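Student: Please give me a close look at one part, namely how the strands are put together, and take it slowly, since I am new to reading structures.

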Amino acid sequence: MDQQPPSLLHIHVKLLGFSLHSITPWPNNPSIFYLNGKRISRVEILGVVTSRDYRPNKFLRFTLDDGTHSITCILWLNHLTSPFFASRQPATLRVISDLAKCFADDIQFGKVARVRGRVSSYRGDLQVTVSDVVIERDPDAETLHRLDCISLGRRCYFG
């Protein structure tokens, strides 16, 4: 009997940058990755915004640095014009589009941002396709995130 590895597919796995960059793609499915033998697709990361490439009505590509590694993030801003989103209800698309624009306005150079999204690969490099963003105002947010990642890593991801 072939036993499947444990799955963390349906949760946002809290990771530090160096752990995120150690994951490997799942064979035959580019949206699933291995983290120490466990399947993941979603992550939560936190870091300082160190770069920002804004293309109105297209995307915002930005980089978070958590002190262990830089992480590229992509926030899509083309919900109303892309055929990829055409199957969604128009009212839902407007809400998602408006939220994405608010997130893009919030993401500024030097801010500490908590990002949740799907892990993806673009031209061979890992990135996070953003689903939501919170700008952290708590000066201890980075330390707490780091401690959470270490604790969860020991108990759940690498244990």
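Tutor: What follows goes through the strands pair by pair and then turns to the loops and one contact with a helix.

This is a predicted model, in which local features need pLDDT of at least 70 and side-chain atom pairs count only at pLDDT 80 or more, while totals for chains, interfaces and linings use all residues. Residues are numbered from 1 along each chain as its sequence is written, and side-chain values use heavy atoms, with hydrogens and water left out.

Let us start with an open sheet of three strands, whose order is E2-E3-E4 and whose pairing is antiparallel. Here strands (E, at least two residues) and helices (H or I, at least four residues) are DSSP runs numbered from the N terminus, and two strands pair if DSSP finds at least two bridges between them. The edges of this sheet are strand E2, residues 24-26, and strand E4, residues 38-40, each of which pairs on one side only. On average, neighbouring strands of the sheet are turned by 50° against each other when direction is ignored; the axes behind such angles are lines fitted to C-alpha atoms (for helices, over the stretch in contact), and the angles run from 0 to 180 degrees between N-to-C directions.

Now follow the sheet from E2 onwards. Strand E3 covers residues 29-35, and three bridges join it to E2 in the antiparallel sense. Among the matched residues, Thr24 has Tyr34 of E3 as its bridge partner, and Pro25 has Phe33, also in E3. E2 and E3 make a hairpin with two residues between them, and in its turn Asn28 has a positive phi of about 70°. On the way to E4, E3 again pairs in the antiparallel sense, over three bridges. Tyr34, already met as the partner of Thr24, also stands opposite Arg39 in E4. The hairpin of E3 and E4 has two residues between the strands as well, and there Asn36 takes a positive phi near 55°.

Next, look at strand E5, residues 42-55, which runs parallel to strand E1, residues 12-14, with three bridges joining them. In this pair, His12 stands opposite Arg42 of E5. E5 also pairs with E8, this time in the antiparallel sense and over seven bridges. Arg42 takes part here too, standing opposite Arg118 in E8, so that you can trace a path from His12 to Arg42 and from Arg42 on to Arg118.

E5 has a further antiparallel pairing, with E6, again over seven bridges. Within it, Tyr54 has Leu60 in E6 as its bridge partner. E5 and E6 form a hairpin with three residues between them, and the loop between these strands holds Asn57. The phi of Asn57 is near 60°, which is a positive value in a residue other than glycine.

Why pause over such angles? Most residues other than glycine have a negative phi, so a positive value is worth looking at. A further case is Arg123, whose phi is near 55° although this residue is not glycine, and which lies in the loop between E8 and E9.

Finally, return to E1 and look at Lys14, which forms a salt bridge with Asp148, the closest N and O atoms being 2.9 Å apart. The term means that a side-chain nitrogen of Lys or Arg lies within 4 Å of a carboxyl oxygen of Asp or Glu. Because Lys14 belongs to strand E1 and Asp148 to helix H3, this pair ties together parts that are 134 residues apart in sequence. By the rule just given, the count of salt bridges comes to seven. Helix H3 itself covers residues 141-157, and Leu147 is one of the residues in it.
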